[in-house]
Amino acid sequence: MKIITNIPLDKNAIDMSCAKYSNTDVLLCHDDELEGRRIAYIFYLVPPWTKNDGGSLDLYTTDELGQPDKIVKSLIPEWNSLVFFEVTPVSFHQVSEVISDKTRLSISGWFHGPPIDRPSPNKELPQTKQRPIPLRDEILISWVNPMYLQPDIVDDIRESFEENSEIELKDFLLEEKYDALLEELKHENTKWTRIGPDNKRKYEKADESSLTSHVRECLELFKSEPMFKLLTTFTGLKLSDVDINSSENSEKNENEGKPNDSITTTETLAEDKDKLINEKSYRCHGKVCRWSHGCYTLIHDNDPEASEMALDCLFFVGCCDWQGDFGGYTSYLARDEDEELLTINPCSNSMALVYRDPDTLKFVKHINNHCKNSENDAGSSSSSKNISEQFYNIMCTYFE
């Protein structure tokens, strides 16, 4: 190997292990970089193998930032063959998902040598945070299940959230609004952009300028002042100037003879509300996403939001009967721990709220080929069954 590569290698420092890949197994995009690794190798012990079996070794080009860009070569496993490549800051590769019932066996590892200089990794900019959109409180009545606007239900939600730092609210939107939202998300004029790079994430995001009316209005709802207020009452977090329908406010309103029949009957803020909002730090960012076979997100270094406390909001559309073994669920982990703290499965018309701190990490599990081979409810209120290969969600993050 030293003669072939002309790289000085330490004959006493060789890693070796055996890997077995079966249907749905995948090794997502990475670069193999660890101190001293100089040559990666794979020796294949596979049955007759074709492209249709998956399990190829895919090699990437990189963009101007040194991030993986496009797959330029896919090597099909072959019995008694050896593949090797130099480990560098741009040696991005993956093992594609095995999609047949064959078993992909290999022996792999690294030859070590003197470390080389590595450039500093690219640091992503944080997503742009925006102030809440100033909409009227009545938008909640027109969109949200009235159950979630009742003071006694709100109190129960808040009590549960304060105890667990998370909650799932099913049937969150009115049924007719949800059905319209699902139908419009499928509209052919909606433009979807693949979001990467592959060593961090892979899913599709909707271009907001292409959103149809119901989808745009729903996204604005999640970014609006009324939603900030509602989330304040659900969670106890300081996401608005008014803690609507808290026990204290309820008692105060009753004493002052002010109406308090629902969460939307709050006294109008003072005339200088806009000035107050501008001085407050609470912000959010949100997007509409589409998830299908091959989509995922990964825990990675240099996440610009990893050091912040935040409230994650995941609202799911079009995923009735989505099964856990498809992937696509969101997992929360404690930093430096393997055990999951929380798993959120896609569930139609369900809103999940999770409060995370800097020691809490999350990822979306890779969606495997089983989602393409199962009969699922497409997500409407009808009882008809259709092949469902994807789902949608509105993902928002709120900051106090």
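How many helices and how many strands does the chain have? In this predicted model, the chain has 8 helices and 21 strands.

**Overview. The whole chain, with its burial, contacts and accessible surface.** Of the 400 residues of the chain, 48% count as buried, and the surface that the chain exposes comes to about 20,300 Å², with carbon and sulfur atoms supplying 48% of this area. When contacts between residues at least 6 apart in sequence are considered, 81% of them join residues at least 24 apart.

**View 1. Helix α6 and the residue that follows it.** Helix α6 spans residues 225-235 and is mostly covered, since 11 of its 11 residues are buried. Among these buried residues are the charged residues E225 and K229, together with M227, F228, L230, L231 and F234. After α6 comes G236, which has a positive phi, near 85 degrees.

**View 2. The salt bridge between K229 and D137.** The closest N and O atoms of K229 and D137 are 3.3 Å apart, and the two residues form a salt bridge. This pair links distant parts of the chain, with K229 in helix α6 and D137 in the loop between β8 (104-112) and α2 (138-143), 92 residues apart. Both partners, K229 and D137, are buried.

**View 3. The salt bridge between E208 and K223.** E208 and K223 form a salt bridge in which the closest N and O atoms are 3.3 Å apart. E208 is placed in the loop between β11 (201-206) and α5 (213-222), whereas K223 is placed in the loop between α5 and α6, and the pair, 15 residues apart, links distant parts of the chain. E208 counts as partly exposed, at 37% relative accessibility, while K223 is buried, with a relative accessible area of 5%.

**View 4. The salt bridge between K362 and D312.** K362 forms a salt bridge with D312, and their closest N and O atoms are 3.1 Å apart. Because K362 lies in strand β18 (residues 360-364) and D312 in strand β14 (residues 310-317), the pair ties together parts that are 50 residues apart in sequence. K362 counts as partly exposed at 30% relative accessibility, whereas D312, at 1% relative accessibility, counts as buried.

**View 5. The surroundings of Y296 in strand β13.** Y296 is located in strand β13 (residues 296-297) and, at 2% relative accessibility, counts as buried. Leaving aside residues up to four places away in sequence, the residues that Y296 touches include L28, C29, D198, R201, W291, V364 and H366. One of these contacts, D198, is 98 residues from Y296 in sequence, while the C-alpha atoms of the two residues are 8.9 Å apart in space.

**View 6. A negative surface patch that includes D156.** D152, D155, D156, E159 and E163 form a negative patch on the surface. D156 is found in helix α3 (residues 151-164), where this residue counts as partly exposed because its relative accessibility is 49%.

**View 7. A nonpolar surface patch that includes I4.** The side chains of I4, L82 and F84 form a nonpolar patch on the surface, and the three residues together have about 300 Å² of accessible area. I4 is placed in helix α1 (residues 2-5) and counts as exposed, because its relative accessibility is 63%.

Conventions: Residues numbered from 1 in each chain as written. Predicted model: local features only at pLDDT ≥ 70, side-chain atom pairs only at ≥ 80, totals over all residues. Heavy atoms only, no water. Patch = residues over 30% accessible without salt bridge, like charges linked within 9 Å, V, L, I, M, F, W, Y side chains within 5 Å. Areas by Shrake-Rupley, 256 points an atom, 1.4 Å probe, with all protein chains shown as cover. Salt bridge = Lys/Arg side-chain N within 4 Å of Asp/Glu carboxyl O. Charge placed at Lys NZ, Arg CZ, Asp CG, Glu CD. Helix = DSSP H or I, 4+ residues; strand = E, 2+ residues; numbered from the N terminus. Buried < 20%, exposed > 50% of the residue type's maximum accessible area, 1.4 Å probe, protein only. Contact = heavy atoms within 4.5 Å.
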